[in-house]
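Reader: I'd like a close look at one part of this protein, the pockets. Could you walk me through them and put them in the setting of the whole chain?

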Amino acid sequence: MKIVLICLFCMLSVLAQLSSAQSATISVPEANPGRPTVSTPATLTPVGYLQFENGALFAEDSTEFSKRIGIGQVTKLSVLPRLELFLQSEPLAISQSKGQTAVHEGEVFVGVQSVLFVGDESRPTVSISYIRRVHTSVAPELDVGTFRQSTSILLSEDLHGFHFDMNGILAEQVQGAVRRAQFGQTLSISHSLGKFTISGEVWHFSQPFEKGNTVGNLWAASRALRKNLVVDAGFNRGLTKTSTRWEVFVGFTYLLPHRLWKVRPGFQP
């Protein structure tokens, strides 16, 4: 618990520095957070701007551990209006199992997401993504497990004041020389209440090597301190015997307020 408080204090300190350093006269686009839900939005980040999504997650009572703390980081960069590149990593994973504490670095993934259909008032935004693992870790995993590669179909839509994110996921899990297909589905619904956005989500993943299924119910609240700075917190409750029982998380999304390259005349981001 002390580690969680230390991580929270560090993140809040960083947020305070970022907020104070941000000039009110600088015009920057809005951040497009992919956290804290399991669902990933089909829409991309603003073209040419780096976006950082950072957070800490505390989990307990899972098949591979009794307690686990992980620090997650995702860096995103849209290089074209319909093409986004990202890097996902877990720099630190601390776990307890059978009275033993272990400290490891987590796994690292690279990915790409492309918009197939741009949404408007009458149709949703539809994207496809591909993720590949580039570094394997021995740290114990959450109930969803880990994968070598995955592809997803992503859909996002705004309807009657509510925002919907839906994902269909196909992943390849590997255990030794054995490979198995994993299937996942997520549905996240969010709605603004004053200065906050409340999100509720249900998700499901098959567990091919356990011959089971993990299902969870996630609730989170987020608030935009600035257009390019969003903080979030929430929890997830596992609903099956092979699900991680509880997960609590806190984090932030920060869009760097400086474009990495100049915009060509006539370019429409």
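Author: Here is a walk through the pockets, with the chain as a whole first and one buried residue at the end.

A word on the ground rules: this is a predicted model, so local features need pLDDT of at least 70 and side-chain atom pairs count only at pLDDT 80 or more, while totals for chains, interfaces and linings use all residues. Residues are numbered from 1 along each chain as its sequence is written, and side-chain values use heavy atoms, with hydrogens and water left out.

The chain has one helix and 13 strands (DSSP runs, H or I of at least four residues for helices and E of at least two for strands, numbered from the N terminus). Going along the sequence, the helix comes ahead of the strands. Of its 269 residues, 41% are buried, meaning under 20% relative accessible area with a 1.4 Å probe, protein chains only.

Now the pockets. Rolling a probe the size of a water molecule over the atoms shows where empty space is left. Here a pocket is an open set of points on a 1 Å grid over the protein atoms alone, where a 1.4 Å probe fits, with protein on both sides within 12 Å along at least five of seven lines; lining residues have an atom within 4 Å of a point.

The largest pocket has a volume of about 670 Å³, which is the space filled by probe spheres set on the points. Its lining runs to 31 residues, and Asn-32, Pro-33, Ser-190, Thr-197 and Ser-222 lie nearest the centre. Strands β8, β9, β10, β11 and β12 each give two or more residues to that lining. By class, you get eight nonpolar, 15 polar and eight charged residues (Ala, Val, Leu, Ile, Met, Phe, Trp, Tyr, Cys and Pro are nonpolar, Asp, Glu, Lys and Arg charged, and the others, Gly among them, polar).

The second largest pocket comes in at about 330 Å³. It has 21 lining residues, with Glu-64, Gly-145, Thr-146, Gln-173 and Glu-210 nearest its centre. Both β8 and β10 supply at least two of the lining residues, and β8 has the largest share, with three. This lining splits into five nonpolar, ten polar and six charged residues.

Last, the buried residue: Ser-127 sits in strand β6 and has a relative accessible area of 0%. Its side chain reaches the backbone oxygen of Ala-42 at 2.6 Å. Beyond its neighbours within four places in sequence, Ser-127 has contacts (heavy atoms within 4.5 Å) that include Gln-113, Leu-116 and Ile-153.

Technical notes:
Buried < 20%, exposed > 50% of the residue type's maximum accessible area, 1.4 Å probe, protein only. Polar contact = N/O pair within 3.5 Å; in protein donor to acceptor, adjacent residues only side chain to side chain.
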